[in-house]
Amino acid sequence: MTLTPLVYWAQRHEEIYLRVELTDAQNIDVQVHENVLQFRALGHGAKGQNDYEFSLEFILPVKSEVSHRSTQRQVNVTVRKVQRGWWERLTTQERKPVFLAPDFDRWLDESDAEMEIREKEDRRNRLRPVRHKDDGFVSMQTGYLFIYNLVQFLGFSWIFVNMTVRLFIFGQDSLYDTFHTISEVMFFCQILASVEVLNAAFGVVRTGVIPTLIQVVGRNFILFIILGSLEEMHRRPVVFFIFYLWSTIEIFRYPFYMLGCFGTEWKTLTWLRYTVWIPLYPLGVLAEAVAVIQSITIFDETKLFSIPLPKGTGTSLSFSYVLYIYLVLMFLGLFINFRHLYKQRKRRFRTKKRKAN
């Protein structure tokens, strides 16, 4: 009786990946003929040390050239599609073979696979020589990105260090004068951060425009409208928490980008860049929401930014209604950006884990 190994599969737009669960496989024979893959090998599988084989008839044409690599634990097979695209299933059979299952270590849906392609292109672009062959000078785009990230890193580092030192020296009192001591530098950094939206929109950096826009517009709304326009908010402790959480995230993000300009990576910094946001980003949004809620009564009392209605009504539309809508949009933005950042982190470390294996 023919023994069949366990086979796990995943796909990308141009390739099919098969992982055959055979330990210490020998005499491996993998062929593709008339769109049917035939696999035979001697190895230790679910039924012990034996000869194992299986065949798969693909749902769409594949190239006859097939590559495989054997490790102590498994045999990895790569098959290239004839036409680039996304398959709804692997085989011609609507009901998958009992020995076949998804490879969740490599599994991506179509949109995630497209994002992976963009990230690979981005990494390739970063790893290209950043110096001109003739004059040896750094390319203009690389120099621009490095200087931008350096300036932002210095700005947010100053904010973080200043607030930390003041907290240790003045204790609780430092919570109440954060705006007066820090706001000018924070205004500068957040105005400058608007450039990131343009960088994404014009392809200077390969990242999503929507997540970048959500973060930049959201922060500037809090900084300029909620905090900057209301003097009553200047001495609220919530300002300290907003500024401190923002700066803590950025002192890891910008140096990571600085190293990326030259195709360099520091593993500890990479881990921090893709990890510290997990607790800090939701806490930052929560602090922003607290500031918005505290400002609602002030906007109602001062009538600042209120929209006058026709004279017959004798009243105006309070800006607080805009803030109620903004609170809903804020948590919607949190969901969108958290999902985006989580996918980035998952792809980053899943890729590194595969390389290590």
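In the predicted model described here, both Glu196 and Arg253 are buried. The side chains of these two residues meet in a salt bridge, with an N to O distance of 3.5 Å. The pair links distant parts of the chain, since Glu196 belongs to helix H4 (residues 195-201) and Arg253 to helix H6 (residues 237-260), 57 residues apart.

Helix H6 takes part in a further salt bridge through Glu250, whose side chain meets that of Arg219 at 2.7 Å, N to O. Glu250 lies in helix H6 and Arg219 in helix H5 (residues 209-228), so the contact ties together parts of the chain that are 31 residues apart in sequence. Glu250 has a relative accessible area of 1% and is therefore buried. Arg219 also counts as buried, because its relative accessibility is 7%.

The structure holds eleven salt bridges. One of them joins Asp103 and Arg19, with the closest N and O atoms 3.0 Å apart. Asp103 is located in the loop between strand E8 (100-102) and helix H1 (110-127), whereas Arg19 is part of strand E2 (residues 15-20), so the pair connects parts that are 84 residues apart in sequence. The relative accessibility of Asp103 is 3%, and this residue therefore counts as buried. For Arg19 the corresponding value is 15%, which means that Arg19, too, counts as buried. Elsewhere, salt bridges form a network that links Glu14, Glu15, Arg80 and Arg84.

A polar contact of another kind involves Asn149, which is placed in helix H2 (residues 140-170). The side chain of Asn149 reaches the backbone oxygen of Leu145 at a distance of 2.8 Å. Asn149 counts as buried, because its relative accessibility is 7%.

Attention now turns to the surface. A nonpolar patch is formed there by Ile210, Ile325, Leu329, Leu332, Phe335 and Ile336, which together have about 600 Å² of accessible area. Helix H9 (residues 320-356) gives the most to this patch, contributing five residues. Ile336 is placed in helix H9. With a relative accessible area of 34%, Ile336 is partly exposed; membership of a patch requires over 30% relative accessible area, so the value for Ile336 satisfies this condition.

A negative patch is also present on the surface, formed by Glu231, Glu232, Asp300 and Glu301. Asp300 lies in helix H8 (residues 277-302). The relative accessibility of Asp300 is 33%, and Asp300 therefore counts as partly exposed.

Beyond helix H8, Phe305 is found in the loop between H8 and strand E9 (307-308). Phe305 counts as partly exposed, because its relative accessibility is 39%. Phe305 and Leu317 are twelve residues apart along the chain, and their C-alpha atoms are separated by 9.1 Å. A second pair is formed by Val217 and Gln141, which are 76 residues apart in sequence and 25 Å apart in space, C-alpha to C-alpha. Val217 lies in helix H5. At 48% relative accessibility, Val217 counts as partly exposed.

Backbone geometry provides the last set of features. Asp24 has a positive phi of about 50°, although Asp24 is not a glycine. Asp24 lies in strand E3 (residues 23-33). With a relative accessibility of 43%, Asp24 counts as partly exposed. Glu34 is likewise a residue other than glycine with a positive phi, its value being near 50°. Glu34 is placed in the loop between E3 and strand E4 (36-45). The relative accessible area of Glu34 is 67%, and Glu34 is therefore exposed.

How values were computed: Residues numbered from 1 in each chain as written. Predicted model: local features only at pLDDT ≥ 70, side-chain atom pairs only at ≥ 80, totals over all residues. Heavy atoms only, no water. Patch = residues over 30% accessible without salt bridge, like charges linked within 9 Å, V, L, I, M, F, W, Y side chains within 5 Å. Areas by Shrake-Rupley, 256 points an atom, 1.4 Å probe, with all protein chains shown as cover. Salt bridge = Lys/Arg side-chain N within 4 Å of Asp/Glu carboxyl O. Helix = DSSP H or I, 4+ residues; strand = E, 2+ residues; numbered from the N terminus. Buried < 20%, exposed > 50% of the residue type's maximum accessible area, 1.4 Å probe, protein only. Lys, Arg positive; Asp, Glu negative; His and termini not counted. Charge placed at Lys NZ, Arg CZ, Asp CG, Glu CD. Polar contact = N/O pair within 3.5 Å; in protein donor to acceptor, adjacent residues only side chain to side chain.
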